[in-house]
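Trainee: I am new to this model and would like a close look at a single part of it. Could you walk me through how the helices pack together?

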Amino acid sequence: NKLSGKFKDLRSSYKKAHITGSMIVKKNLITASKLLKQVINKEIAFCPNNFRTGHGRTAKSKNLGSTTGQGIFPEKSCKIFLKLIEKLKVNIKSNNELAKDYYIGEVKVNKKKYIKRRLFRAFGRVNVRKSTMIDVNIVLKRMKLD
């Protein structure tokens with residue numbers, strides 16, 4: 001039994017959303033939402049497995065097994081995933097099922113086209129400002145009860 005939810009055309013960082021998605025995959029819905037709330041409150045830091053360069057070092061990344069001490073607090077992407085999980089919890093409740101019976105089976109974060117804007121500078125120059133767009137998709141799977 002599968003359930004899925006998606007957000008389209010979000011203006012957020014692809015790398016941070018990818019790191020956030022990789023940290024909550026294969027977790028129970030309730031534990032994933034607790035983990036995201038802890039990151040938003042800066043109690044735990046996510047340690048990136050890929051896209052490693054350019055992150056600061058923090059002691060709060062040791063909780064999730066960082067060997068280098070590098071960690072990030074991707075608040076915006078955590079709020080996106082938390083909102084999507086809450087939306088999926090409402091769907092589960094409307095089907096008269098329990099949220100603790102589901103876990104996050106897969107998370108897909110896809111890059112989209114850049115939004116290009118013009119930034120007017122001095123002496124008639126024009127620079128291009130780009131911002132990334134992403135799609136986020138979560139597929140929930142039901143736990144096998146023996």
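Mentor: Happy to; here is a walk through the helices, their contacts and the core they help to build. This is a predicted model, in which local features need pLDDT of at least 70 and side-chain atom pairs count only at pLDDT 80 or more, while totals for chains, interfaces and linings use all residues. Residues are numbered from 1 along each chain as its sequence is written, and side-chain values use heavy atoms, with hydrogens and water left out.

Let us start with the layout. The chain has three helices and five strands, in the order β-α-α-α-β-β-β-β along the sequence. Helices here are DSSP runs of H or I with at least four residues, strands are runs of E with at least two, and both are numbered from the N terminus.

Now to the packing. Two packed helices are described by the angle between their axes and the distance between the axes. The axes are lines fitted to C-alpha atoms, for helices over the stretch in contact, and angles run from 0 to 180 degrees between N-to-C directions.

Take helix 2 and helix 3. They pack at an angle of about 150 degrees, with axes 9 Å apart. That makes helix 2 roughly antiparallel to helix 3 (angles under 35 degrees count as roughly parallel, over 145 as roughly antiparallel, 65 to 115 as roughly perpendicular and the rest as oblique). The crossing of helix 2 and helix 3 is left-handed, a word used if the near helix is turned anticlockwise from the far one by less than a right angle, with right-handed used if clockwise. On the helix 2 side, the residues that meet helix 3 include L29, S33 and L36; on the helix 3 side, F81, L82 and I85 are among them. Contact means heavy atoms within 4.5 Å. By class, this contact of helix 2 with helix 3 has ten nonpolar, one polar and five charged residues (Ala, Val, Leu, Ile, Met, Phe, Trp, Tyr, Cys and Pro count as nonpolar, Asp, Glu, Lys and Arg as charged, and the others, Gly among them, as polar).

Look at S33 in helix 2. S33 is buried, with a relative accessible area of 3% (buried means under 20%, exposed over 50% and partly exposed in between, with a 1.4 Å probe and protein chains only). Leaving aside residues up to four places away in sequence, S33 touches L82, I85, E86 and K89.

Next comes helix 1 (residues 14-24), which packs against helix 3 (residues 75-94) at about 50 degrees, with axes 9 Å apart. That makes helix 1 oblique to helix 3, and their crossing is right-handed. K16, A17, T20, G21 and I24 of helix 1 make this contact with S77, C78, F81 and I85 of helix 3.

Helix 1 also meets helix 2: their axes come within 10 Å and cross at roughly 140 degrees. That makes helix 1 oblique to helix 2, and the crossing is right-handed. Here T20, M23 and I24 of helix 1 touch A32, L35 and L36 of helix 2.

Finally, the core. In soluble globular proteins, nonpolar side chains tend to be buried together. The largest nonpolar core has 33 residues, of which F46 and L140 touch the most other members; such a core is a set of buried Ala, Val, Leu, Ile, Met, Phe, Trp, Tyr and Cys residues joined through side-chain atoms within 4.5 Å. Its largest share, eight residues, comes from helix 3.
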